[in-house]
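This briefing goes with the sequence and structure shown below. Please keep both in view while reading the points that follow.

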Amino acid sequence: PDKGSFPLDHFSECSDLKEEYLRCLKEHKHDNMSCRYLSKKYLQCRMDKNLMRREPMQSLGFTDEEVMAKPARKKNKTKTKEDTGWTVGVDGIRPERSNEWRRPTLINIRAFLGENEKKDGG
């Protein structure tokens, strides 16, 4: 990790904040942006208890405005084709026509046989 390793919280000095963060995630439909203030508090607790090196919160990606919960963000889930009733193999797919299909080859045999000229000439 970027910040190196740090001691585990063996004595549960900051576990109450961790539990509060998990509750917040459940209440806000697992939207971590709603609970960032608790992440900030948790990291501050770890720094205060010498469980990690002290660093400014800005360098950890936090702002001064993150002091309370925010409403969960709305997910703009667009419906997929399957949600709207589209069925594989039925909707929007034409069966291949044998006259349009050509077998892939390494050598263009039609050029040797002169079939292209027949189509053009007549």
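P7 counts as partly exposed because its relative accessibility is 45%, a value between the 20% limit for buried and the 50% limit for exposed. The model discussed here is predicted. P7 lies in the segment before α1.

**Contacts of P7**

- P7 and R46 are separated by 39 residues in sequence, and their C-alpha atoms are 9.6 Å apart in space.
- Apart from neighbours within four places in sequence, P7 is in contact with R46 and L51.
- One of these partners, R46, is among the buried residues of α2.

**The chain as a whole**

- The chain contains four helices and zero strands, and its pattern along the sequence is α-α-α-α.
- Of the 122 residues in the chain, 20% are buried.
- Among contacts with a separation of 6 or more, 56% are between residues 24 or more positions apart.

**Helix α2**

- How far apart should the ends of α2 be, at 1.5 Å a residue? The expected span for its 13 residues is 18 Å, and the C-alpha atoms at its ends are 18 Å apart, so the two values agree.
- The buried residues in α2 are R36, Y37, L38, S39, K40, C45, R46 and M47.
- Helix α1 is included in what covers these buried residues of α2.

**How α1 and α2 pack**

- The axes of α1 and α2 come within 9 Å of each other and cross at roughly 170 degrees.
- This crossing angle makes α1 roughly antiparallel to α2, because angles over 145 degrees are counted that way.
- On the α1 side, the contact is made by L17, K18, E20, Y21 and C24. On the α2 side, Y37, L38, S39, K41, Y42 and C45 take part.

**The largest nonpolar core**

- Which residues form the largest nonpolar core? There are five of them: C24, L25, C35, Y37 and L38.
- At least two residues of this core come from α1 (15–27), and at least two come from α2 (36–48).
- Leaving out neighbours within four places in sequence, the core residue C24 is in contact with S34, C35 and L38.

**Two residues with positive phi**

- K29 is in the loop between α1 and α2. Its phi is positive, near 55 degrees, and K29 is a residue other than glycine.
- Is K29 buried or exposed? K29 counts as exposed because its relative accessibility is 66%, and the limit for exposed is over 50%.
- N50 follows α2 and is in the loop between α2 and α3.
- N50 is not a glycine either, yet its phi is positive, at about 60 degrees.
- With a relative accessibility of 66%, N50 therefore counts as exposed.

**E55 in the loop after α2**

- E55 is in the loop between α2 and α3 (109–113).
- Why does E55 count as buried? Its relative accessibility is 14%, and buried means under 20%.
- The side chain of E55 makes a polar contact of 3.1 Å with the side chain of R53.
- A polar contact of 3.4 Å links the side chain of E55 to the side chain of S59.

How values were computed. Residues numbered from 1 in each chain as written. Predicted model: local features only at pLDDT ≥ 70, side-chain atom pairs only at ≥ 80, totals over all residues. Heavy atoms only, no water. Core = buried A, V, L, I, M, F, W, Y, C linked by side-chain atoms within 4.5 Å. Buried < 20%, exposed > 50% of the residue type's maximum accessible area, 1.4 Å probe, protein only. Contact = heavy atoms within 4.5 Å. Expected span 1.5 Å × (residues − 1). Polar contact = N/O pair within 3.5 Å; in protein donor to acceptor, adjacent residues only side chain to side chain. Axes fitted to C-alpha atoms, helices over the stretch in contact; angles between N-to-C directions. Parallel < 35°, antiparallel > 145°, perpendicular 65-115°, else oblique.
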